[in-house]
Amino acid sequence: MPPVTAARLLSALGPYFAVRTDPSPPPGFRPLAELYGAEGPLGARVAEVGRVLRTGEVRVAASTAHLGLAARLWSVALGAAVVSGRVAELDGAWFALPPQGPFDLWLPSADGPVATVEALEVVVLEGRLVPLAGAVRAVAPVAPGLLAGNAASALVGAARQLGSVPQLRAPAAALARGLLARPALAATGAATAPGGPLGFRRASCCLYYRTPSGGLCGDCVFTRPPGR
């Protein structure tokens, strides 16, 4: 499928899947690697999330911000994998991070590696989510297991959204199940058995319940909010 056609199909699934296809990075965009740098915008993003959620607990805001960023990365990478058979070329990506919502992303036109579980692990888990987790932990004292759980939850959410398109459901679920079995995510929770809809119950909590208006996510380890 041509890159522009694939981008249009993915954009129709929502803003987490949309990418820019300009010939060059738009004005104001920065290399994606700068998202994790010491001078990057992550700290300001966490502060804004905390303001919107009305929480004074920086680790709660940091976890929520991390979950949204991980969802964006998985959506783009997994979406490209099932639509085009290639992993999105994130090494050459540029971004613009607004205070809220999914960040804008520009991708080069060159194809990435053939879409396999192993390629997605290298490009997304190792290449993007490991440094992102390190950057988040430099902002707030968030447990590594919680961030791994966020990564798994974001992956399943992306796969389930892709599953709203019938022809994408099976390949998205298969790749997600394969990634959940990799060492980096194997301890994060339990996926439903193959053959039915993809479901997931994580072994950690993202802490959203600690916000004034928060409750439990659908895949939370808890069945009722614990005491504050």
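This passage walks through the overall build of the protein chain, then its aromatic rings and its cysteines. The model is a predicted one.

Taken as a whole, the protein chain holds six helices and five strands. Read from the N terminus, these elements follow the order α-β-α-α-β-β-α-α-α-β-β. The radius of gyration is 17 Å, close to the 17 Å that the globule rule gives for 228 residues, so the protein chain is as compact as a globular protein of that length. Along the principal axes, the C-alpha atoms fill a box of roughly 50 × 45 × 30 Å. Of the 228 residues, 47% count as buried. Contacts tell a related story: among those with a separation of 6 or more, 64% join residues that are 24 or more positions apart. The accessible surface of the protein chain amounts to about 10300 Å², and carbon and sulfur atoms contribute 58% of this area.

Zooming in on the rings, a search of the whole structure turns up two aromatic pairs. One of them joins Phe95 and Phe103 in an edge-to-face arrangement, with 6.3 Å from centre to centre and 85° between the planes. Phe95 has a relative accessibility of 1% and counts as buried, and Phe103 is likewise buried at 1%. Phe103 has a further partner, since Arg72 lies over the face of its ring, 5.5 Å from the ring centre.

The other pair is formed by Tyr209 and Phe222, again edge-to-face, with centres 6.2 Å apart and planes at 80°. Both residues belong to the segment after strand S5 (200-202), and 13 residues separate them along the chain. Their surroundings can be described one by one: Tyr209 is buried, because its relative accessible area of 12% falls under the 20% limit, whereas Phe222 is partly exposed at 32%.

The cysteines come next. A disulfide is a covalent bond between the sulfur atoms of two cysteines. How many disulfides does the model contain? The count comes to zero. For Cys205, the closest cysteine sulfur is that of Cys220, 3.8 Å away; a disulfide needs sulfur atoms within 2.5 Å, so this distance is too far for a bond. Cys217 is in no disulfide either, and its nearest cysteine sulfur, in Cys206, is 3.8 Å away. As for their exposure, Cys205 is buried, with a relative accessible area of 9%, while Cys217 is partly exposed at 32%.

Terms used: Residues are numbered from 1 along each chain as its sequence is written. This is a predicted model: local features need pLDDT of at least 70, side-chain atom pairs count only at pLDDT 80 or more; totals for chains, interfaces and linings use all residues. Side-chain values use heavy atoms; hydrogens and water are left out. Rings of Phe, Tyr and Trp (its six-membered ring) pair if their centres lie within 6.5 Å; planes under 30 degrees apart count as stacked, over 60 as edge-to-face and the rest as tilted. Buried means under 20% relative accessible area, exposed over 50%, partly exposed in between (1.4 Å probe, protein chains only). Helices (H or I, at least four residues) and strands (E, at least two) are DSSP runs, numbered from the N terminus. A charge sits over a ring if NZ of Lys or CZ of Arg is within 6 Å of the ring centre and within 35 degrees of the ring normal. The radius of gyration is taken over C-alpha atoms; the globule rule is 2.2 Å times the number of residues to the power 0.38. Contact means heavy atoms within 4.5 Å. Accessible areas come from the Shrake-Rupley method with a 1.4 Å probe; for residues, only the protein chains shown count as cover.
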